[in-house]
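Okay, thanks everyone. Let me pull the structure up on the screen, and then I'll talk you through a few spots in it.

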Amino acid sequence: MFNGLKNTTKYKRTCGILLIVVSVLTLAFFLAWYGTRIFADRNMQYSAAWTEEETSLYVRVPVSFLKTERIALQYDDKSAGYVLFLPAMCKGKSITFYDTAGEVFALDGEDLPGGEVPELKEGMHTLTILESAESRIAARYGLEVMYSSDIPVMYISMKNDKKSSMLEEPYLPEEGAYMTLYDADGGLSTESGIASMRVRGNTSADWVKKPLQLTLSQSRDLCGLGEGIRWNLLSNWSDKTLLRNHIALGMAKAAGLPFTPDECFTDLYLNGEYMGCYQLCEKVEIGRGRVDIADLEAYTVPDRSLLEKKDKAVRGRIEDAILENGMKLMGYQTQLGTTDLSGGYLLEIERPSRIAENMSYFVTKNGQPVTIKSPQIADMQQVRYIAGVWQTFEDALFTEDGKDPGTGKAYTDHIDLDSFVRKYLVEEITRNYDASSTSQYYYKERGDDRLHAGPAWDYDMSLGNPIMSPLTNQNYISSVSPTGLFAALPMDDFTLWSHLYEKPDFVARVKELYRADFLPYLESLETGLSKEAEKLRAATIMDGVRWGRNKGEDDRKRLEALDKEVEALRDFLQKREAYLTGLWLDGRESKRVYLDGGEGDLYVSYVENLIGERAEEPPEPSMEGYTFREWLNGYTLEPYDWAKPLDDEPLYLVASYTNDQDGSILIAGQ
């Protein structure tokens with residue numbers, strides 16, 4: 001008995017010793033691994049150090065007990081003075097002015113010993129640069145100090161030449177950059193080396209305020225959005241409210257559209273220069289916490305020469321595509337690590353003019369270009385497979401009854417219907433200009449025969465954004481009017497939504513999910529929009545001053561200009577909700593009023609609203625040598641009263657012009 005007990009005790013002691021040894025070794029391994037990462041990051045931070053320019057002025061701002069950041073004063077040519085853009089976390093803190101020459105400063109006539117200001121007030125100041133302590137004035141400038149909203153702050157450091165080249169080139173990976181992210185209250189949130197950094201986007205890449213993509217040196221949780229390596233910084237330059245992407249993504253998330261990217265706003269400083277208020281957002285990609293499906297990319301190993309091709313301007317040239325069964329297929333010969341071709345795939349609808357900028361893609365029999373975002377360098381077997389899945393769906397959808405005559409299967413057998421309905425509703429409610437051409441994502445999971453719609457992406461030019469009016473439209477249909485369907489209309493680049501909307505079961509589900517999942521969110525914006533705008537107000541105004549969008553000369557005019565933009569957004573949302581609710585839930589009829597501008601340049605071909613409501617007056621057409629007078633009833637030739645509600649009687653309108661030479665009247669169609 002005692003021997004058995006002794007053996008048991010010895011066994012337990014041995015197990016305990018082994019457990020301690022394993023724990024110590026595990027801890028040592030972890031510390032070594034973590035230390036290597038920290039050392040690599042710190043080394044990258046050191047290599048990313050930037051040199052202050054000799055002619056520039058800076059301030060040092062404390063962000064913690066031991067840490068400070070440098071921010072450059074930005075010179076304004078118009079006022080011949082400086083603007084200092086500060087994050088909200090600097091309020092009430094001591095700020096130190098300096099330059100590389102070690103000159104002496106005075107603020108509002110008071111000398112600044114060591115350049116330090118205990119508390120720098122927002123507003124206008126006079127900054128004097130003194131040649132010496134004897135106070136001989138070298139230069140005097142106006143200085144406007146601005147503080148942002150209570151939002152996180154991101155500082156990125158990189159070599160000076162890297163910074164300028166990265167912003168000027170459409171695509172240039174960067175190494176040696178370092179990112180530090182602070183909470184709104186100034187606490188250190190996270191920091192990381194940056195493996196690469198580039199300008200992203202298509203149209204937006206040409207804007208003065210560039211959207212960016214960061215690839216961190218390791219996975220990090222930014223702003224509580226979840227861990228990830230690749231992150232997008234959306235500039236929202238076209239949207240003076242900065243809120244449209246935020247509202248649309250919030251709508252998609254509230255309605256349950258899978259894998260909608262998480263996002264938050266942050267002030268961005270690049271080498272000490274304030275770059276504006278950006279929307280930090282998860283990148284749309286396959287991965288944990290992103291589009292969380294099987295990653296077929298991991299089983300696809302392309303030839304090394306194809307990896308080099310990824311960096312070329314022209315990638316999957318359209319002339320290299322293979323024509324099979326009426327489809328164009330662009331793929332490669334790779335080493336496949338799996339025989340399962342069923343997924344996962346991430347797809348994007350793209351414009352025909354941009355399809356060749358992608359590595360892998362297919363074009364359906366009906367002419368629809370679809371890029372394969374993942375796997376990016378797809379094997380031809382994978383391209384054939386996923387193109388066949390999409391084509392089978394189209395074959396059923398493009399029939400009158402929605403059934404493939406060859407197989408007897410309905411279009412609903414090939415898609416996750418609710419995800420398509422939810423995605424359509426996001427596009428239709430926002431009246432997204434790109435709803436029928438680009439930034440439309442779809443995915444297919446391994447072992448699931450159906451296509452899924454989503455995630456939602458890219459809505460800065462939606463929700464009645466006035467940058468789109470009146471010269472930009474789709475097929476002479478206004479993209480900014482709050483009334484009438486838009487995504488459901490057939491377009492040149494994309495007809496999927498229009499064919500879906502022809503199907504009664506699709507429309508029935510649209511009405512159900514609109515009532516259940518979308519209307520509550522729209523109703524919440526009646527008060528929620530004001531709260532969101534107020535939270536971001538200071539950051540939005542500061543961003544507008546930085547990029548010259550807000551042309552107000554003082555705070556009052558800036559506030560008035562921003563309030564006007566927010567009110568226009570609110571007006572669009574209210575009118576859009578009223579129209580769609582009337583159409584889908586109240587059973588009211590919509591009426592189109594067609595417009596005839598004759599030989600004039602007419603920007604829209606019709607206006608539309610519910611019967612009983614008035615139609616929105618379109619932009620005036622123009623004709624060389626003539627001046628537009630008014631719209632006339634095409635049947636009676638009487639002036640049309642735009643304040644009159646629409647009825648169910650037939651109506652079309654014709655434009656009347658005055659001849660600039662002889663004053664004669666010209667009526668379209670007469």
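I'll go through confidence, then cavities, then a helix pair, and end on some backbone oddities.

So, first off, this is a predicted model. How confident is the predictor? The average pLDDT for the protein is 89, and 88% of the residues score at least 70. There are stretches to treat differently, though. Across residues 30-34 the pLDDT stays under 50, and the model has zero contacts there beyond four places in sequence. Residues 36-40 also stay under 50, and for that run there are three contacts beyond four places in sequence.

Okay, cavities. How many do we get at 30 Å³ or more? The count is two. The largest has a volume of about 60 Å³. If you want to find it on screen, its lining is L522, L525, E526, L529, R570, L573, Q574 and E577. Which elements give two or more residues to that lining? Those are α8, which is 504-535, and α10, which is 555-584. Sort the lining by class and you get four nonpolar residues, one polar and three charged.

The second largest cavity comes in at about 30 Å³. Around it you'll see T241, L243, A533, L536, R537, T540, L562 and V566. Here α9, residues 537-547, and α10 each supply at least two lining residues. The class split for this one is five nonpolar, two polar and one charged.

So α10 contributes to the lining of the largest cavity, and α10 also turns up in the lining of the second largest, along with α9. That's my excuse for looking at how those helices pack.

Generally, you describe two packed helices by the angle between their axes and the distance between the axes. For α9 and α10 the angle is about 105 degrees, and the axes are 11 Å apart. Anything from 65 to 115 degrees counts as roughly perpendicular, so α9 and α10 are roughly perpendicular to each other. Who's touching whom? On the α9 side it's R537, T540, I541 and V545, and on the α10 side R558, L559, L562 and D563. Those contact residues divide into four nonpolar, one polar and three charged. And notice some repeats: R537, T540 and L562 are in this contact, and R537, T540 and L562 are among the residues lining the second largest cavity too.

Last bit, the backbone. As a rule, most peptide bonds are trans, and most residues other than glycine have a negative phi. Where does this model depart from that? One place is the peptide bond from G343 to G344, which is cis, with omega near 0 degrees. G344 sits in the loop between β21, at 335-336, and β22, at 345-349. Then S374 and P375 are joined by a cis peptide bond, with omega about 0 degrees. You'll find P375 in the loop between β24, 369-374, and α5, 380-397.

And then there's F259: not a glycine, but its phi is positive, about 65 degrees. F259 is in the loop that runs between α3, 244-254, and β16, 263-270.

That's me done, so over to you for questions.

Key. Residues are numbered from 1 along each chain as its sequence is written. This is a predicted model: local features need pLDDT of at least 70, side-chain atom pairs count only at pLDDT 80 or more; totals for chains, interfaces and linings use all residues. Side-chain values use heavy atoms; hydrogens and water are left out. On a 1 Å grid over the protein atoms alone, a cavity is a set of points where a 1.4 Å probe fits but cannot get out, and a pocket is an open set with protein on both sides within 12 Å along at least five of seven lines; lining residues have an atom within 4 Å of a point. Grid points are joined across faces, edges and corners, and a volume is the space filled by probe spheres set on the points. Helices (H or I, at least four residues) and strands (E, at least two) are DSSP runs, numbered from the N terminus. Ala, Val, Leu, Ile, Met, Phe, Trp, Tyr, Cys and Pro count as nonpolar, Asp, Glu, Lys and Arg as charged, and the others, Gly among them, as polar. Axes are lines fitted to C-alpha atoms, for helices over the stretch in contact, and angles run from 0 to 180 degrees between N-to-C directions. Angles under 35 degrees count as roughly parallel, over 145 as roughly antiparallel, 65 to 115 as roughly perpendicular and the rest as oblique. Contact means heavy atoms within 4.5 Å. pLDDT is the predictor's confidence in each residue, from 0 to 100.
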